[in-house]
Amino acid sequence: MQLLLLEDDLDLGQAVAEHLESAGHVVQWCKRIAQAAVVQSFDLALLDLQLPDGEGLMLLRNWRADGLRQPVIVLTARDQVSDRIRGLKSGADDYLVKPFDLDELLARIDAVSRRNSNTRRLVIGSVTVDLGTRQADQAGERIDLTAMEWAVLLGLSRHQGRIYSRGDLESALQRQGFAEPASNSLEVIISRLRKKLGTSIISTHRNLGYRLDA
């Protein structure tokens with residue numbers, strides 16, 4: 001799973017990132033809200049509240065207002081019930097008070113992911129795509145997607161209904177470790193996704209980009 005970690009404490013951030021990576025997750029660690037706000041592709045976010053450049057709940061509210069559906073777990077030293085209620089009302093899926101056990105964090109990530117799996121599922125005719133588990137099937141038969149195809153599909157699904165430019169999607173590919181794509185690579189990937197999942201899944205908007213319509 002691709003995780004976004006927003007934490008400005010260097011020791012804690014490093015410990016969390018290393019523990020999650022040892023469990024098989026990919027972690028993008030940001031230390032400022034401004035850095036996290038421009039990240040376009042992640043499966044789940046771990047969000048500290050008190051950052052040097054602002055309040056983490058403001059970022060969370062902006063995400064929810066923009067239609068971002070990925071689950072968010074708040075990690076904070078604020079342990080008052082009123083703080084927890086405020087975090088949950090702002091759109092958090094879970095709330096973990098510092099200091100916390102790293103294995104408990106892993107368990108909460110798994111639990112939140114399971115609860116949110118249905119919200120990250122696309123149904124296109126007889127095709128079902130689970131963005132959380134990265135599995136696609138048609139009438140019970142598995143459809144194999146390449147890593148680059150998943151990267152583009154996840155990039156488009158971050159804000160379903162939003163049009164993403166070529167630059168947005170090429171940047172999403174590069175952030176996930178792919179080299180700068182050739183001039184026609186994105187069109188090839190989009191074409192393969194339509195062939196595998198259905199022609200209506202992604203629409204092209206001339207001079208603007210692409211939109212996930214499923």
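Is Leu59 buried or exposed? Select this residue to begin the tour of what is a predicted model: Leu59 has a relative accessible area of 6%, so that, with the limit for burial set at under 20%, Leu59 is buried.

**Leu59 and Leu6**

Leu59 sits in helix H3, which runs over residues 56-65. If you display its surroundings and set aside residues up to four places away in sequence, the contacts of Leu59 are Leu6, Ile33, Ala36, Ala37 and Leu47. A distance drawn from the C-alpha of Leu59 to that of Ile73 will read 13 Å, for a pair that is 14 residues apart in sequence.

Select Leu6 next, which belongs to strand S1, residues 2-6, and which is buried with a relative accessible area of 1%. With residues up to four places away in sequence again left out, Leu6 touches Leu59 and also, among others, Cys30, Lys31, Arg32, Ile33 and Ala36. Its contacts further include Leu46, Leu47, Asp48 and Leu51. From Leu6 you can also draw a line to Leu75, which is 69 residues away along the chain, while the two C-alpha atoms are separated by 9.0 Å.

**The largest nonpolar core**

Now move to the largest nonpolar core, which holds 26 residues, and colour Val129, Val152, Leu153, Leu156, Leu197 and Ile202, the members that touch the most other members. The elements that each give two or more residues to this core are strands S8 (121-124), S9 (127-130) and S14 (209-212), together with helices H6 (147-157), H7 (166-175) and H8 (185-197). H6 provides the largest share of the core, with six residues. Apart from this core lies another one, of 20 residues, among them Ala45, Leu47, Leu57 and Trp63. In soluble globular proteins, nonpolar side chains tend to be buried together.

Within the largest core, centre the view on Leu156. Not counting residues up to four places away in sequence, Leu156 touches Tyr164, Leu169, Ile190, Ile202, Tyr210, Arg211 and Leu212.

**Helix H8 and its packing against H6**

Select H8 as a whole: its 13 residues reach 18 Å from the first C-alpha to the last, close to the 18 Å expected at 1.5 Å a residue. The residues of H8 that are buried are Ser185, Leu186, Ile189, Ile190, Leu193 and Leu197. Looking along the axis, you will find that they cover an arc of only 135 degrees, and they therefore lie on the same side of H8. Just after the helix, Gly198 takes a positive phi of about 125 degrees.

With H6 added to the selection, the two helices pack with their axes 10 Å apart and at an angle of about 85 degrees, which makes H6 roughly perpendicular to H8. On the H6 side, the residues that meet H8 are Met148, Glu149, Val152, Leu153 and Leu156. Their counterparts in H8 are Leu186, Ile189, Ile190, Arg192, Leu193, Lys196 and Leu197.

**Two backbone details**

Most residues other than glycine have a negative phi, and most peptide bonds are trans. With this in mind, select Asn207, which has a positive phi of about 65 degrees although it is not a glycine. Asn207 is placed in the loop between strand S13 (202-205) and S14, and at 76% relative accessibility it counts as exposed.

Finally, select Lys98 and Pro99, where the peptide bond joining the former to the latter is cis, with omega near -5 degrees. Pro99 lies in the loop between strand S7 (94-97) and helix H5 (102-116).

How values were computed:
Residues numbered from 1 in each chain as written. Predicted model: local features only at pLDDT ≥ 70, side-chain atom pairs only at ≥ 80, totals over all residues. Heavy atoms only, no water. Core = buried A, V, L, I, M, F, W, Y, C linked by side-chain atoms within 4.5 Å. Buried < 20%, exposed > 50% of the residue type's maximum accessible area, 1.4 Å probe, protein only. Helix = DSSP H or I, 4+ residues; strand = E, 2+ residues; numbered from the N terminus. Contact = heavy atoms within 4.5 Å. Expected span 1.5 Å × (residues − 1). Arc of directions from axis to C-beta. Axes fitted to C-alpha atoms, helices over the stretch in contact; angles between N-to-C directions. Parallel < 35°, antiparallel > 145°, perpendicular 65-115°, else oblique.
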